[in-house]
Amino acid sequence: MTEKIKFIHCADLHLDSPFKGMSTLPDSLYQELKNSTFAALDNLVNLAIKEQVDFVLIVGDLFDQSVKSVYAEMQFIIACQKLNKVNIPIYLSYGNHDYLEARQHTFTYPENVHIFESDQVEVKVFSKNGHPLVGIHGFSYSERAVLDNKTTEFQPVEGLAYQIGMLHGSIQQSTEHDYYAPFQLSDLQTKNIDYWALGHIHKRAILSRNPAIVYPGNTQSRSIKESGEKGCYLVELNQMETKLTFKALHAIQFDRLSVNVSDCQQVDQLYDLLYQRLSSLKKQKSIIFLTLTGVNQTLVSHYYQGEIDEIIMLLNEQQQDQENWQWIQAVEIERERQVNEARLKENDPFMNQLLTDFEDINWGQLSKDLWQHRQAKRFLVELSEEEKIKLVNDAKDLALYHLLGMNNDENK
Amino acid sequence: MMRINSLHIYGFGKWIDQKIDFNHSSFITIVGDNETGKSTIRSFILFMLFGLSPQQRQHFLPKHGGQLGGKLSIVAADGNDYMIERFHDRNNCEAICYDQAGQRLPSDWLTNQLHGVDRSLYNKIFNFDVFSLQVEGGLSKDQLGQVLLSVGMTGSDRIYQAEKQLQTVIQTIFRPRGTKPELNQILKQLIDKERQLKQLEDSIAIYEKSQKQRMVYQNQIAAKQEELAKENEQFVLFKEQERIYQSIEDYHLVVEQLKQLPDTVYFPEQGEKRYQSLKEQLQPLQTDQRVAAQKLIELKEELEQIQAQLLPTDIRNQLVNRLDEIANYQSHFNEYQQLERQIAEKTRMIKEGLGQSKLNITEADLLDLPINFTTKEIWQQLADQYTRLTEQVPNLDQSLLKLEKNEQQLTTKLNALKEKTLSTVEKNILEKELEQMDRTFVDSPGKKSNPFNQFQKKNRYLNFISISVMFLSLALMIFNRQEEFLILPFVIIFIVGCFILFKPIKFKGEMIEALEKQAEQESEQSIKRRDDLIRRIAQHDENRDAVLLIQQELKQINIEKMKLTEQLAILTMENERMEQSIYEQQDNFSFLAHIPVEFWPDLAKQLIEVIDLIEQRQQLDIDRDRELVWLNSFEEKIRANFADLIQESQLSFQQVLNQLQELSIQQQNFFVQEQRIQQRISQQEGIHNEIRAKMAPLQEEMEGLLEKVGVETEEQWTKLAQQYERWSILKEQKAELIRQIKLHLPDHLVGNILAGQYDSLSQLEIKIKTSQVKMTELNQELNSLYQKEAEQQAILKQQEQSKKVLNLKHDYYFIKEKFNEEAKRWLTYQLALEQIQQTKERFQRSYLPFVLEKATHYLNEITDGRYVLVEFDQTLQQLYLLTNDGDAYQANELSQGTLDQLFVAIRLGISSWLAKHIQLPFLIDDGFVHFDSNRQKQIYAILKDLKDIHQIIYFTKENSDFVQDRDREDQSIIYLS
């Protein structure tokens, strides 16, 4: 009977990648956050050792190429050395974020690290107990983009019990914008490969069970867009089945939290509610993006007066010294915009005009002071449509708050 | 349209519990003179709709006490009835609204109903009096625009406030040329971080560079190390050559020396060593052998000397045997001398004994005397007897004389008493006389008993003495049983005692009887005569008692005399027998005649002792004579046997014996010496032989060695051995030197050196110095390279461990992110502001014409066609009016009345425009009081038309035109008093 194999499939470690959307964080938590990708790497090593896996697959984007750091390289080498001590090989391919790694040979990796250095698909054979057992296929990016469908290059090797394909890329959406080794699911399914170890997409997904085509996601979230648990797949492969177990590796989790506050008339009630909701969450280091729904006019008023921010600050202060802290990074309020706007338009000619005018914005003119600023412009990112919509909504809310938000009653 | 139906004032200013019903009317005129409370009602309605600040409420607290508050019943835009209630001290004075069913409505219900219109806006449009008709501050386009903007929920203030606040925030976020605003500061940080990051962004390249540099250093180090190693090797070789230079020189010297010797020299292996070893082994043996031979000679000489002095064995044996008897002789001799001394002693003692006896008899006489043990006893008995008799006879004689003397005295005394004593007749007469005399008297018992008692007393004394004498005699008898001759006197004494004892007993009866008689006689004396008689009788009795007593004593003395006489007789007889015996003894031993008997026992003892001594001496003499005989015999034998050996014949035998004894001892010693020497000779011979046996194989081997190398003498052998040794040493030295050279130097160098091609010492020294200098240089270079390499290593390590890049990267992106976030915030504010401003402009631009058109319409109506147009002068930015004459008037050219009319027209125009959105009641407090009648009518007509859109609540005085027109439909008039 063919021996079964057990391995870890991970990708997109982005070891020294910067975090996004993190504009406020106390220093201690910020330090932890900065270290989180390395902590995830440690977790990966510990898991491999604990599970006594046969090997570890790292499918691209181990590093972030934006600014290379020797420290990150060294941390990875140290991790490899730990695995080398327990004879766990690492099969590594580079992706769109660390393609330069394939070219440089500055660092010497331990002998257990097997790198797919070529941009052509290669095969490396994993032997167990002296017998060749697994053919591991893979390639590395030599440029930021790989436009070709690489699946054709994956050719199973005869005489090996298992075939594994390491592919850092994404499913082909359209011919114009597919820069990352585009493939069709059917391309993979038709190959005689037992396990497709994919990378590049940070959201984990099992595209297919037979054969297993798996995105493990990244190991550590870097922004709220990558919310939820992050980690790798522990894969147990035998001739009959493929057992996939997700293992969380993240050091800090990013989460969205939506709280209906329609029952809260005052900020103290809101504080109690938020406190309860946070307490009911799983105790782990997490960065939370909070959305308040069903917000009444009073709370909106408090929101714009900064009182809700004060509550959040208070809640955060309590968390700061906790081991498993939960830090509310941002808070948003969600209102029934459509209803409000319709009524406003109906009742108030000025509002009618104002809201109508929001539909026609000259972004260039509007933003030129900053976006065309000699020094600032290079740091500013062009706004996406999504961001523009959000910005318009925020601006509307802001204008409306300033125009209407205050209580008309004279009693105050 | 929102319409007020009724008011219920719980308490407000002067009003307490006042209900006012508007009867669903759209045009209400509230009529009252000054101070009737019109303005208070207007304030109450405003309070109910918009509330009042706590300070303002203070003005309206009921004057006569009670709760500030009230209720407003309204019909809302939806046509339904609602209730608005407010209390000064309840629900924070906020409006509490109820629907028709009395259900409480949400808190923002009223705000929604008012469409955001606040008191300010309301005042500007719907609430006016004669003093507030004018728009404050002129009539610029902006001012008018403000008025227009005020129309709506927003209100111009809000817009301006919003603009201002947004502008403020925008200014705090970012200013294109500012430094303090947040974004400017973040930008500064970002630029700084970017700059830092740029410096570090090639960290990998720098690391690579460092690594390469390190490798360069490592390579250089390796090269230098190699060079140094080579140099060191060279240096070591030079040093080694220098160190073993002596060996090299020695080697060549040895080679030269070897050349002078045959190539090979045959010599047994270890020959000299073996030879020398044998020799060394032999030498002590030879010495031992010599010593042993010498010893043997000496021993033999010694033996001869001894043997020369040694007597023939038989003589020696004889001497020994005889001398063995000398001890015996000495014993005999000592015994002899002892006997001599004893004899002399005995003789002395005999002489002394004889001398002490003073008998002048010789020993022979003594021995002839028939003295034996019986003699001694007899003499002793005689002496004892003699002594006793000699003592007892005088004593008895003396006692006898004493008794006789006593007897004489007593007899004399008796006679004298007898003469004084009455005769029995005389006495009887006297006694009879007395008895007669006493018959009359009773006899006194005392008189009778008295003499009797005395007698008894005396008798007891006597008895006591007698018993004592008896016991004494008895005791003496018992204790002197051995001396029988003493018993007799004691027996006599005893008998006498017994007699004395029993005699009074017998006498007693008699005495008692006599006494009784005497008493009877005495009692018979007469009293007169009685005394005389008693005296005479008493005298007589006394005498008579004395006579009796003396007689008694005399009797006793006689008895004793008899006893003594008897004893004397016995003793005399005994004495005679004794004297007889003495004579007999004196007969036998004539010398006793001169010797008192009492000395005889001692004499006998002395004589017997002397006789014993004599006998003992005689025995000693016999023994001595026997010893003497033996001694003489021995002496003769000795003298005869060893006459030759006795050097001087005059010598005493003892000296002879001593001489012989010495000779014997000497001979004995010689003999022992001879034996010992012979034994030693035998031993020495054994040793000698043994040594020789040991020497033999050694000598043989030595000879064998000599034979092997073909020499005969040791000299030759030694010479050959020396040659061989020299050759061997040189060979060994050569080999050792080669070994040393090879050990320390490489082969190629060794070959050259052995071949004689090598550097001299001075050359080597130069080379060493040169090499040292070079090595020092190399070491310095190496150290420098090590240092550099270490530094590079440290840099690499630091780079590997440094989180600086990582942190900077994170920080950069963090700040960049923050910058973008803030930029978006700025853009949000910017957008909000921009849109408000833009809308404001558009709003003004879009709706002003409509309002001016309406205002033209109303002004035209109010002025009855006088003014035909209200318009803005774009150049002057001022309102102007156009009369039906075609004249144009700037606002500042108009009369106050016309201005008031213009503003009423504008208000109405605005309200018409606003009515599209909201229809609120007008509160007008005699607003048109200064209008002329015609124009008032025109206004009234306009308001009447307007009431279908806006409820009109008009406050006026009694005489107002509005009151006079009473028949108006849908109007109600309320009078205040």
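Is B:Tyr329 buried or exposed, and what is its relative accessible area?

1. B:Tyr329 is buried, its relative accessible area being 4%. The model is a predicted one, and the points below should be read as comments on that prediction.

2. Aromatic pairs. Over all chains the structure contains 42 aromatic pairs. In one of them, the ring centres of A:Tyr30 and B:Phe814 are 4.4 Å apart and the planes stand at 40°, so this pair is classed as tilted. A:Tyr30 sits in helix H1 (residues 27-51) of chain A and B:Phe814 in helix H23 (residues 804-862) of chain B, so the contact joins two chains. A:Tyr30 and B:Phe814 are both buried.

3. The pair made by B:Tyr329. B:Tyr329 and B:Phe653 form an aromatic pair with 4.9 Å between centres and 75° between planes, an edge-to-face arrangement. B:Tyr329 belongs to helix H11 (residues 313-357) of chain B and B:Phe653 to helix H19 (residues 653-708) of chain B; with the two positions 324 residues apart, the pair links distant parts of the chain. B:Phe653 has a relative accessible area of 5%, under the 20% limit, and therefore counts as buried.

4. Ring cluster in chain A. A:Phe7, A:Phe55, A:Tyr91, A:Phe126 and A:Tyr195 are connected into a cluster by ring pairs.

5. A contact of B:Met437. B:Met437 is part of helix H14 (residues 424-439) of chain B. Its relative accessible area is 5%, so B:Met437 is buried. The C-alpha atoms of B:Met437 and B:Leu533 are 9.8 Å apart, while the two residues are 96 residues apart along the chain.

6. Salt bridges across the sequence. The total is 47 salt bridges over all chains. One of them is between B:Glu231 and B:Lys774, with 3.4 Å between the closest N and O atoms. B:Glu231 lies in helix H8 (residues 203-243) of chain B and B:Lys774 in helix H22 (residues 761-801) of chain B, so the bridge ties together parts 543 residues apart in sequence. B:Glu231 is buried at 12% relative accessible area, whereas B:Lys774 is partly exposed at 38%.

7. Salt bridges between residues close in sequence. B:Glu821 and B:Lys824 form a salt bridge, 3.6 Å from N to O. Both are in helix H23 of chain B, and because they are 3 residues apart, about one helical turn separates them. B:Glu821 is partly exposed, with 32% relative accessibility. A further salt bridge pairs B:Asp948 with B:Lys947, the closest N and O atoms lying 3.5 Å apart. Which of these two residues is buried, and which is exposed? B:Asp948 is exposed at 54% relative accessibility, while B:Lys947 is buried with a relative accessible area of 10%.

8. Salt-bridge network. B:Glu340, B:Asp621, B:Arg624 and B:Asp625 are linked through salt bridges into a network.

9. Negative surface patch. Four residues of chain B, namely B:Glu298, B:Glu301, B:Glu302 and B:Glu304, make a patch of negative charge on the surface. Of these, B:Glu304 is located in helix H10 (residues 271-309) of chain B. B:Glu304 has 55% relative accessibility and so counts as exposed.

10. Nonpolar surface patch. B:Ile467, B:Phe471 and B:Leu474 make up a nonpolar patch of about 270 Å² on the surface. B:Phe471 belongs to helix H15 (residues 445-479) of chain B. At 57% relative accessibility, over the 50% limit, B:Phe471 is therefore exposed.

11. Cis peptide. The peptide bond between A:Asn210 and A:Pro211 is cis, with omega about 0°. A:Pro211 is in the loop between strand S9 (205-209) and strand S10 (212-215) of chain A.

12. Positive phi values. A:Gln52 is not a glycine, yet its phi is positive at about 50°. A:Gln52 occupies the loop between H1 and strand S2 (55-59) of chain A, and it is exposed at 65% relative accessibility. A:His200, also not a glycine, has a positive phi of about 105°. This residue is in the loop between strand S8 (195-199) and S9 of chain A. A:His200 is buried, with a relative accessible area of 15%.

Note on methods
Residues are numbered from 1 along each chain as its sequence is written. Chains are lettered from A and ligands numbered from 1 in the order in which they are written. This is a predicted model: local features need pLDDT of at least 70, side-chain atom pairs count only at pLDDT 80 or more; totals for chains, interfaces and linings use all residues. Side-chain values use heavy atoms; hydrogens and water are left out. Patches are made of residues with over 30% relative accessible area and no salt bridge: like charges are joined within 9 Å, nonpolar side chains (Val, Leu, Ile, Met, Phe, Trp, Tyr) within 5 Å. Accessible areas come from the Shrake-Rupley method with a 1.4 Å probe; for residues, only the protein chains shown count as cover. A salt bridge is a side-chain nitrogen of Lys or Arg within 4 Å of a carboxyl oxygen of Asp or Glu. Lys and Arg count as positive and Asp and Glu as negative; His and the chain ends are not counted. The place of a charge is taken as NZ of Lys, CZ of Arg, CG of Asp or CD of Glu. Helices (H or I, at least four residues) and strands (E, at least two) are DSSP runs, numbered from the N terminus. Buried means under 20% relative accessible area, exposed over 50%, partly exposed in between (1.4 Å probe, protein chains only). Rings of Phe, Tyr and Trp (its six-membered ring) pair if their centres lie within 6.5 Å; planes under 30 degrees apart count as stacked, over 60 as edge-to-face and the rest as tilted.
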